[in-house]
Amino acid sequence: MADLNKFLRSKDRITEILNYLMRNTPENERTDSFINNLEKSIKIIDDKMEEFKVKGLIKN
């Protein structure tokens, strides 16, 4: 269960950074690329957590 908490904390932190960038930075290629990478990271974490749930390794 500790690993799940680490995933959730990482996702929360990535989401905080993403929200900050979307609110406080002007659009440019570099920022947009970084935002896309953060969004992909969040999706990967969500997908992995769902995969673990399906396998029965974590409970909701």
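Me: Which residue comes after helix 2, and what is the sign of its phi?
Reply: First, the term: helices are DSSP runs of H or I with at least four residues, numbered from the N terminus. Here G56 follows helix 2, and its phi is positive, near 80 degrees. Keep in mind that this is a predicted model, where local features need pLDDT of at least 70, side-chain atom pairs count only at pLDDT 80 or more, and totals for chains, interfaces and linings use all residues. Residues are numbered from 1 along each chain as its sequence is written, and side-chain values use heavy atoms, with hydrogens and water left out.

Me: How many residues does helix 2 have, and how far does it reach?
Reply: You get the expected span by taking 1.5 Å times one less than the number of residues. Helix 2 has 27 residues and reaches 39 Å from its first C-alpha to its last, close to the expected 39 Å.

Me: OK, and which residues of helix 2 are buried?
Reply: Buried means under 20% relative accessible area, exposed means over 50%, and partly exposed is in between (1.4 Å probe, protein chains only). In helix 2, the buried ones are T31, I35, L38, I42, I45 and M49. T31 counts as buried because its relative accessibility is 15%. F34, also in helix 2, is at 42%, so it counts as partly exposed.

Me: Which residues make up the largest nonpolar core?
Reply: In soluble globular proteins, nonpolar side chains tend to be buried together. A nonpolar core is a set of buried Ala, Val, Leu, Ile, Met, Phe, Trp, Tyr and Cys residues joined through side-chain atoms within 4.5 Å. The largest one here has 9 residues: L4, I14, L18, L21, I35, L38, I42, I45 and M49. Helix 1 (2-24) and helix 2 (29-55) each supply at least two of them, and helix 2 gives the most, with 5.

Me: What does I14 touch, leaving aside neighbours within four places in sequence?
Reply: Contact means heavy atoms within 4.5 Å. With those neighbours set aside, I14 is in contact with L38, S41, I42 and I45.

Me: How many salt bridges are there in the whole structure?
Reply: Look for a side-chain nitrogen of Lys or Arg within 4 Å of a carboxyl oxygen of Asp or Glu. A search of the whole structure finds 4. One of them joins D46 and K11, with the closest N and O atoms 2.6 Å apart. That pair links distant parts of the chain, since D46 is in helix 2 and K11 in helix 1, 35 residues apart.

Me: And where do E51 and K48 lie?
Reply: Both sit in helix 2, 3 residues apart, about one turn of the helix. Their salt bridge has its closest N and O atoms 3.6 Å apart.

Technical notes
Helix = DSSP H or I, 4+ residues; strand = E, 2+ residues; numbered from the N terminus.
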